[in-house]
Each structure stands twice: as C-alpha cells, then as structure tokens.
Amino acid sequence: MEKEVKNKVLFVRITGEVDLKEADRLRREVDEIIENYPVKDIVFNLKNVDFIDSSGLGVILGRFKKIRSLGGRVYLASTNEKIKKILELSGFFRIMKGISREEEVWEETAHEA
C-alpha cells in the first residue's frame with residue numbers, strides 16, 4: 001500500500017488482496033493520516049487490487065462516512081473490471097465517484113476553487 005497527501009487529497013494506492021488482515025491495517029493507516037494531516041478528499045486507487053472482501057469494503061465505506069462528515073469526498077480510481085463489478089453490486093458508485101485515473105480528482109475539484 002502506498003499513501004500520499006497532495007493538496008489536501010489523500011491518495012491510497014492498494015495492491016493485492018484487501019481481506020480481514022489487510023483491511024485492519026488499511027483502516028489504521030488511513031485514519032492516522034486523516035487525523036494528522038489536513039485531508040479533504042480521499043482517492044482509493046484500486047487498479048492493482050486482486051481481491052476485496054466485505055471487511056475491505058467496510059473500511060472504504062467507513063472512511064467515506066468519516067471524510068464526508070468533514071465535508072470531503074471519496075473517489076474510487078482505476079478500478080479493474082473484477083473489482084468494479086463488486087463495487088457496483090455493493091452500491092459504492094451511488095455514493096462515491098468513480099474516476100478512471102487519479103488526476104481526474106483535480107478536474108472534479110477545480111470548479112470549487
């Protein structure tokens with residue numbers, strides 16, 4: 001997992017499987033960044049995710065609720081077809097914006113500046 005804060009946007013690039021073990025680590029690390037840096041939005045890059053279970057979905061949903069309460073948004077970037085299908089069936093794209101590449105977050109937030 002790679003994390004980067006840039007212009008109040010937290011980019012979380014996840015690789016491999018997001019199961020119970022990894023979901024707990026993901027939650028802890030993302031929450032720590034939210035608490036310690038001025039983060040407004042989060043971009044979860046799921047391009048290299050092979051598998052995600054309900055605990056991984058729960059972490060993303062929990063961070064969505066947390067960042068939304070702070071006035072921010074969560075974006076789901078670069079999802080591969082397998083993961084995209086899971087997110088669609090779970091209703092994530094109804095509450096979070098799907099973007100094809102990370103840079104689109106700047107286009108989404110440019111009109112707010």
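**Helix α1, the core and two charged residues**

Q: Which residues of helix α1 are buried in this predicted model?
A: Helices (H or I, at least four residues) and strands (E, at least two) are DSSP runs, numbered from the N terminus. Buried means under 20% relative accessible area, exposed over 50% and partly exposed in between, with a 1.4 Å probe and protein chains only. In α1, the buried residues are Ala23, Leu26, Val30, Asp31, Ile33 and Ile34.

Q: What arc do the buried residues of α1 cover around the axis?
A: These residues are on the same side of α1 because of the arc they cover, taken from the directions from the helix axis to the C-beta atoms. An α-helix has 3.6 residues a turn, so residues three or four places apart point the same way. The arc covered in α1 is only 160°.

Q: What pLDDT do local features need?
A: Residues are numbered from 1 along each chain as its sequence is written, and side-chain values use heavy atoms, with hydrogens and water left out. In this predicted model, totals for chains, interfaces and linings use all residues, side-chain atom pairs count only at pLDDT 80 or more, and local features need pLDDT of at least 70.

Q: Which residues are exposed on the other side of α1?
A: The buried side is covered by elements including β1, β2, β3 and α2. On the other side, the exposed residues are Lys21, Glu32, Glu35 and Asn36.

Q: Which residues touch the most other members of the largest nonpolar core?
A: A nonpolar core is a set of buried Ala, Val, Leu, Ile, Met, Phe, Trp, Tyr and Cys residues joined through side-chain atoms within 4.5 Å. The largest such core has 26 residues. Touching the most other members are Ile42, Phe44 and Leu76.

Q: Which residue shares a polar contact between side chains with lysine 66?
A: Lysine 66 lies in α2 and touches Asp31, Ile34 and Glu35 (heavy atoms within 4.5 Å), not counting residues up to four places away in sequence. A polar contact is a pair of N or O atoms within 3.5 Å; within protein, one must be able to donate a hydrogen and the other to accept it, and residues adjacent in sequence count only if both atoms are side-chain atoms. At 3.4 Å, the partner of lysine 66 is aspartate 31.

Q: Is glutamate 102 buried or exposed?
A: Glutamate 102 sits in the loop between β5 and α5, and a polar contact of 2.8 Å joins its side chain to that of arginine 13. Because its relative accessibility is 12%, glutamate 102 counts as buried.
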